[in-house]
Amino acid sequence: MAVSRINKPRTKRGKRYLENRDPKVVENVKRAMFIKGGRTSDKITKALKQFYILKTPFALMLSKKNILRPFDDSNPLEYLAQKNDHSLFMFGFDSKKRPDSLIIGRMFDNQVLDMFEFGIEKFSPMEDFKNEKVTLGTKPMLVFNGEAFSVDPEYIRLKCLLTDYFRGEVVQNVRLQGLEHVLNFTALDGKLYFRSYKTTFLKSGTKIPNVELTEIGPSFDFVVRRSKLASDELYKKSKKQPKEIMVF
């Protein structure tokens with residue numbers, strides 16, 4: 001006979017905790033924590049703040065600096081994620097060998113599932129774009145450009161990670177006027193270009209309006225430096241679906 005859990009909860013609180021970790025028909029919004037390394041540049045500090053704003057209200061900015069080396073030892077990072085109950089993270093640091101670096105990743109079952117390190121080559125904050133911004137917390141539309149997102153296993157996983165990071169709440173219905181924010185990711189020659197746009201709907205003479213895009217920032221040109229992907233076994237486990245939506 002199969003046993004669903006090795007350690008059965010002894011209290012109602014423990015039972016709720018384990019049930020909350022089980023696969024759900026509609027997943028909770030994934031929360032992100034933003035972490036400053038022991039040494040950061042002004043560019044990194046501003047970049048973390050920009051992504052924190054984009055992820056608000058499902059975001060936490062840690063006030064203290066943390067000396068972490070996620071690619072060498074992920075245990076301290078996993079401890080912070082479990083302590084703060086956040087499954088997404090962004091870690092910013094600066095060094096001579098790896099200047100202006102951002103590591104973005106996600107957790108599963110209190111373990112790092114996958115993470116990517118990017119170097120910031122060019123950056124323009126929201127303040128540089130003197131246009132009307134979108135409503136804070138608006139669910140964005142995500143656009144992925146570039147063949148790599150379709151054929152390269154590493155970039156396919158990156159696309160999945162970015163979708164997890166920025167998709168926001170899962171909704172049943174969408175109001176046309178609510179489609180006001182577009183995040184565009186373009187993969188080209190080992191680089192990732194990140195752009196943010198506000199949509200404006202214009203009269204077209206038909207039921208379908210014309211759409212105009214205005215860049216509102218932030219804007220990033222990243223170089224992809226390195227990645228660490230979960231084993232096939234752990235990744236398969238992370239994609240497990242609840243029984244309610246499984247088709248037999």
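# Questions about helix H5 and its surroundings

User: Which helix does Leu 158 lie in?
Analyst: Happy to start there, with the reminder that this is a predicted model. The helix made of residues 153-166 carries the label H5. Leu 158 lies in helix H5.

User: Is Leu 158 buried or exposed?
Analyst: Its contacts beyond four places in sequence are with Phe 116, Phe 118 and Phe 149. The relative accessible area of Leu 158 is 1%. Buried means under 20%, so with 1% Leu 158 is buried.

User: How far apart are the C-alpha atoms of Leu 158 and Met 115?
Analyst: Along the chain, 43 residues separate Leu 158 and Met 115. In space, the distance between their C-alpha atoms is 8.3 Å.

User: What span does H5 reach from its first C-alpha to its last?
Analyst: H5 has 14 residues. The expected span counts 1.5 Å for one less than the number of residues, and for H5 that expectation is 20 Å. The model comes close to it, with a reach from first to last C-alpha of 20 Å.

User: Which residue caps the N-terminal end of H5?
Analyst: Look for a side-chain oxygen 2.9 Å from the backbone nitrogen of Glu 154. The residue that supplies this oxygen, and so caps the helix within the 3.5 Å limit for a polar contact, is Asp 152.

User: And which residue just after H5 takes a positive phi?
Analyst: Most residues other than glycine have a negative phi. The one to look at just after H5 is a glycine, with a phi of about 75°. That residue is Gly 168.

User: How many residues does H5 give to the largest nonpolar core?
Analyst: That core has 31 residues, and Phe 51, Leu 102, Phe 185 and Phe 222 touch the most other members. The largest share of this core comes from H5, and that share is six residues.

User: How many residues does the other core have, the one that includes Leu 68 and Phe 89?
Analyst: This core lies apart from the largest nonpolar core. Among its members are also Ile 103 and Val 112. Its size is 15 residues.

User: What volume does the largest cavity have?
Analyst: A search of the whole structure turns up two cavities of 30 Å³ or more. The lining of the largest cavity includes Phe 51, Leu 102, Leu 162, Phe 166 and Phe 222. Strand S4, H5 and strand S8 each give two or more residues to that lining. The volume is about 100 Å³.

User: Which element gives the most residues to the lining of the second largest pocket?
Analyst: This pocket has a volume of about 540 Å³ and 32 lining residues, with Thr 135, Gly 137, Thr 138, Lys 139 and Pro 140 lying nearest its centre. Helix H2, H5 and strand S7 each supply at least two residues of the lining. With three residues, the element that gives the most is H2.

User: Which side chain makes a polar contact with the side chain of Asp 114?
Analyst: Asp 114 sits in strand S5, and it counts as buried because its relative accessibility is 0%. Beyond four places in sequence, its contacts include Ile 104, Arg 157, Leu 161 and Lys 228. The polar contact, at 2.7 Å, is with the side chain of Arg 106.

User: What is the omega of the peptide bond from Gly 217 to Pro 218?
Analyst: Most peptide bonds are trans. The bond from Gly 217 to Pro 218 is cis, and Pro 218 is found in the loop between strands S9 and S10. Its omega is near 0°.

User: What about the omega from Thr 56 to Pro 57?
Analyst: Pro 57 is in the loop between H2 and strand S2. The bond from Thr 56 to Pro 57 is cis, with omega near 10°.

User: Is Asn 110 buried or partly exposed?
Analyst: Asn 110 is in the loop between S4 and S5, and although not a glycine it has a positive phi of about 65°. Buried would need under 20% relative accessible area. Asn 110 has 29%, so it is partly exposed.

User: And is Asp 100 buried or exposed?
Analyst: Asp 100 lies in the loop between strand S3 and S4, and has a positive phi of about 50° although it is not a glycine. Because its relative accessibility is 15%, Asp 100 counts as buried.

Note on methods
Residues numbered from 1 in each chain as written. Predicted model: local features only at pLDDT ≥ 70, side-chain atom pairs only at ≥ 80, totals over all residues. Heavy atoms only, no water. Helix = DSSP H or I, 4+ residues; strand = E, 2+ residues; numbered from the N terminus. Polar contact = N/O pair within 3.5 Å; in protein donor to acceptor, adjacent residues only side chain to side chain. Core = buried A, V, L, I, M, F, W, Y, C linked by side-chain atoms within 4.5 Å. Buried < 20%, exposed > 50% of the residue type's maximum accessible area, 1.4 Å probe, protein only. 1 Å grid on protein atoms, 1.4 Å probe; cavity = no way out; pocket = protein on both sides within 12 Å on 5 of 7 lines; lining within 4 Å. Points joined across faces, edges and corners; volume = space filled by probe spheres on them. Contact = heavy atoms within 4.5 Å.
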